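Q: I'm new to this one. Can you walk me through what's in front of us?
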Amino acid sequence: MKLIVEKNAMEVSRKLILRILDIMNEEPSRNYSIALSGGSTPAQLFDLWSSEYKQETDWDRILFFWVDERCVPPTHSDSNYGMTKKILLDKVPIAEAQVFRLQGEADPVLEAARYTDLVRDKLQVKNGVPIFDIVLLGAGDDGHTSSIFPGQEELLTTTAPYAACYNPYNGQKRLALTGQPLINANLTIFLITGQNKSTVVLDMYKSGDTGPAAYVAHHAKQVELYIDKAAAIEL
Ligand code: 6PG
């Protein structure tokens, strides 16, 4: 597990963008599949990416997918796609054909199946597991990642790449990329900032059995933790 600590959220987001650009430069003639998470942490990353690094990025070679989505329409304030569209997609020259939205407005079970078929069609598949080049994850202060919450650990080992699930705190239905694609990505990246995440970061760094984020961090083929000093305070 590679740990990158920067003084604040902006600087660790910058480091992460530069890492993605470096990866894309390793094989300059191919597309890269990047699965995005939602929540508030990536918003700063997307803002920086669409402003300071818009020119440096070869948007023609990125295929955007989603790690998870709330089961709401794309115009809803909870929509991960809606947030990403507003802060990133509407501000950069990426074709709609390269953006594969998880349809939060659809029937969750049917959409999990549809999107599973879609990623299996678009990506390399190993033993039934779709392999993303980069999976960008956050972590909740309860230790969840994607939309896999503590107590839902069966989603970490299921053979279904995407699952219909729910947020246990408010019952909100969700769609989530499950454990096997999360850990088998070519690179699994966590972006975690803020002192309220410091205990989760400690758990993730120390052990692999204290929740979904820690499990993914400890079982992923290749994992990098991008955190700010506030989130690193207990290390
Ligand atoms: C979501 C995210 C989720 C997120 C964590 C952290 O849909 O909510 O995919 O897994 O990464 O909840 O969220 P914050 O960045 O808002 O702390």
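A: Sure. Keep in mind that this is a predicted model. Strand β7 is a handy place to start. It pairs with strand β10 (residues 187-192) in the parallel sense, over 4 bridges.

Q: Which residue in β10 is the bridge partner of L136?
A: That is I189.

Q: What does β7 pair with besides that?
A: Strand β2, residues 32-36, pairs with β7. The sense is parallel again, over 2 bridges. I34 has I134 of β7 as its bridge partner.

Q: Are the residues of β7 buried or exposed?
A: Buried, on both faces. I134 and L136 sit on one side, V135 and L137 on the other. In a regular strand, side chains alternate between the two faces of the sheet.

Q: What is the strand order in the sheet?
A: The order is β1-β11-β10-β7-β2-β3. That makes an open sheet of 6 strands with parallel pairing.

Q: Which strands stand at the edges?
A: β1 (2-6) and β3 (62-66) do. Each has a single partner strand, so one side of each lacks a neighbour in the sheet.

Q: How much twist is there from one strand to the next?
A: The average is 20 degrees.

Q: Where does α7 pack?
A: On this sheet, where α7 touches β1, β10 and β11. The direction of α7 makes about 150 degrees with that of β10.

Q: Which residues of α7 are buried?
A: The helix spans residues 198-206. Its buried residues are S198, V200, V201, L202 and M204. They pack against β10, α8 (212-219) and β11 (223-228).

Q: Let's zoom in on S33. Where does it lie?
A: S33 is in strand β2. Its relative accessibility is 3%, so S33 counts as buried.

Q: What does S33 touch?
A: Leaving out residues up to four places away in sequence, S33 touches L63, F65, L123, I131, F132, D133 and I134. I134 is also one of the buried residues of β7.

Q: New topic. What is the other sheet, the one with 3 strands?
A: That one is open too, with the order β4-β9-β8. Its pairing is antiparallel. β4 and β8 are the edge strands, each pairing on one side only. Ignoring direction, neighbouring strands here are turned by 20 degrees against each other on average.

Q: How many residues of β9 are buried?
A: 4 of the 5. The strand covers residues 173-177, and because of that burial it is largely enclosed by the rest of the structure.

Q: How many bridges join β8 and β9?
A: There are 5, in the antiparallel sense. β8 is residues 162-166. Y162 stands opposite L177 in β9, and C165 stands opposite R174.

Q: What about β4 and β9, how many bridges there?
A: 3 bridges, also antiparallel, with β4 covering residues 68-70. R70 stands opposite R174 in β9. So R174 faces a residue in β4 and another in β8.

Q: What do β8 and β9 form?
A: A hairpin, with 6 residues between the two strands. In the turn, G171 has a positive phi of about 75 degrees.

Q: Which helix lies across β8 and β9?
A: Helix α4, residues 108-122. It runs at about 150 degrees to β8.

Q: Back to C165. Is it buried or exposed?
A: Buried, because its relative accessibility is 9%.

Q: How many disulfides does the structure hold?
A: 0. C71 is in no disulfide, and the nearest cysteine sulfur to its own is that of C165.

Q: Why is there no bond from C165 to C71?
A: The two sulfurs are 7.6 Å apart, which is too far for a bond. A disulfide needs the pair within 2.5 Å.

Q: Last thing: pockets. What volume does the largest pocket have?
A: About 380 Å³.

Q: Which residues lie nearest its centre?
A: G38, G39, A139, G140 and H144. The full lining has 20 residues.

Q: Which elements give two or more residues to that lining?
A: α2 (41-51), β4 and β7. We have met two of these already: β7 pairs with β2, and β4 pairs with β9.

Technical notes
Residues are numbered from 1 along each chain as its sequence is written. This is a predicted model: local features need pLDDT of at least 70, side-chain atom pairs count only at pLDDT 80 or more; totals for chains, interfaces and linings use all residues. Side-chain values use heavy atoms; hydrogens and water are left out. Buried means under 20% relative accessible area, exposed over 50%, partly exposed in between (1.4 Å probe, protein chains only). Two strands pair if DSSP finds at least two bridges between them. Contact means heavy atoms within 4.5 Å. Axes are lines fitted to C-alpha atoms, for helices over the stretch in contact, and angles run from 0 to 180 degrees between N-to-C directions. On a 1 Å grid over the protein atoms alone, a cavity is a set of points where a 1.4 Å probe fits but cannot get out, and a pocket is an open set with protein on both sides within 12 Å along at least five of seven lines; lining residues have an atom within 4 Å of a point. Grid points are joined across faces, edges and corners, and a volume is the space filled by probe spheres set on the points.
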